[in-house]
Amino acid sequence: MSDALPERDADKALAGEYALGLLPPDEAVAFEARLASEPQLRALYADWAEDLARLTDRIDPVAPPPQIWAGTEERLFGSRGRVRPSAAWSGGWLGTLMGGITATVLVLALIVGADLMQRGPSGPSDPAYVAELVSEDRNLILFAAYDAQQGTLFVERQSGAPAQDRALELWLIAGSDAPVSLGVLPDARAGVIDIPEALRPRLEGAALAVSDEPEGGSPTGAPTGAVLAVAQITNT
């Protein structure tokens, strides 16, 4: 539909098609790759995403069945003990792992990518992987982009901060393995995290999560506080 239009109009139509899920998989992947390096395209997509997000403002969240939470908790934490799930954990976290991310979360996540890449320290121009983490209450919004050449993960918070005397810790969740800490998020809104060489191959198909932890990070090597946001890592 967009091929016969002038370049800007074509990009605007393309952004709309992507926002509505109308692009074929290969064109969608190409569009996502362009988002990382084209600020004007990100702005066009942000306009679409904001308009579409408003359409879902009055949709009430639906919690997953209790048995899904119990099974997921057992797989992640084993006999370490059960944790009462927060609303953010039950909604965004489980929805991501079960492949049921809502349209609202996806739209908001891509708005994050559009805005964050335009200001402050920039992420890699050609990231191998990206992820957008948005808490269910929208108080925490985090964008991550992985530089395969450097083995580093660029992270930036558009909104949200740790509570007093607490820290935000980033976790890698690959397959059925236990979560692996990638470190406490920097105090600055943007920063770079070195990914250990042994973990780099595990990024493919994995997820990132942010949890609320004591200052300095989890004392146990596993999440101890509420998981605030989770997102699947996307191969660009």
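**Figure 1. Polar surroundings of the Arg157 side chain in the predicted model.** The side chain of Arg157 reaches the backbone oxygen of Ala188 at 3.4 Å. A second backbone oxygen, that of Gly160, lies 2.5 Å from a polar atom of the Arg157 side chain. Arg157 belongs to strand β3, which spans residues 152–159. Although buried, Arg157 has no salt bridge. Asp187 is the nearest side chain of opposite charge, at 6.3 Å; this separation does not qualify because a salt bridge requires a side-chain nitrogen of Lys or Arg within 4 Å of a carboxyl oxygen of Asp or Glu.

**Figure 2. The open sheet that contains strand β3.** Five strands are arranged in the order β6-β3-β2-β1-β9, with antiparallel pairing. Strands β6 (190–194) and β9 (234–235) form the edges, each pairing on one side only. At the β9 edge, 2 bridges connect β9 to the antiparallel strand β1 (residues 129–134). Within this pairing, Tyr129 has Asn235 of β9 as its bridge partner.

**Figure 3. Strand β7 and its pairing with β4 and β8.** Strand β7 comprises residues 207–214, and 7 of its 8 residues are buried. Its antiparallel pairing with β4 (residues 166–173) extends over 8 bridges, and Arg166 has Pro214 of β7 as its bridge partner. Strand β8 (residues 227–232) is also antiparallel to β7, with 5 bridges between the two. Val210 stands opposite Ala229 of β8.

**Figure 4. The largest nonpolar core, with the surroundings of Leu170.** This core contains 25 residues, and Leu153, Leu170 and Leu208 have the most contacts inside it. At least two core residues come from each of the strands β1, β2 (141–147), β3, β4, β7 and β8. When neighbours within four places in sequence are set aside, the contacts of Leu170 include Leu142, Leu153 and Val155, together with Val180, Leu182 and Leu185. Ile193, Leu208, Ala209 and Val210 are also in contact with Leu170, as are Ser181 and Gly183. In soluble globular proteins, nonpolar side chains tend to be buried together.

**Figure 5. A second nonpolar core.** Apart from the core of 25 residues lies another, of 13 residues. Its members include Ala19, Ala28, Tyr45 and Ala49.

How values were computed. Residues are numbered from 1 along each chain as its sequence is written. This is a predicted model: local features need pLDDT of at least 70, side-chain atom pairs count only at pLDDT 80 or more; totals for chains, interfaces and linings use all residues. Side-chain values use heavy atoms; hydrogens and water are left out. Helices (H or I, at least four residues) and strands (E, at least two) are DSSP runs, numbered from the N terminus. Buried means under 20% relative accessible area, exposed over 50%, partly exposed in between (1.4 Å probe, protein chains only). Lys and Arg count as positive and Asp and Glu as negative; His and the chain ends are not counted. A polar contact is a pair of N or O atoms within 3.5 Å; within protein, one must be able to donate a hydrogen and the other to accept it, and residues adjacent in sequence count only if both atoms are side-chain atoms. Two strands pair if DSSP finds at least two bridges between them. A nonpolar core is a set of buried Ala, Val, Leu, Ile, Met, Phe, Trp, Tyr and Cys residues joined through side-chain atoms within 4.5 Å. Contact means heavy atoms within 4.5 Å.
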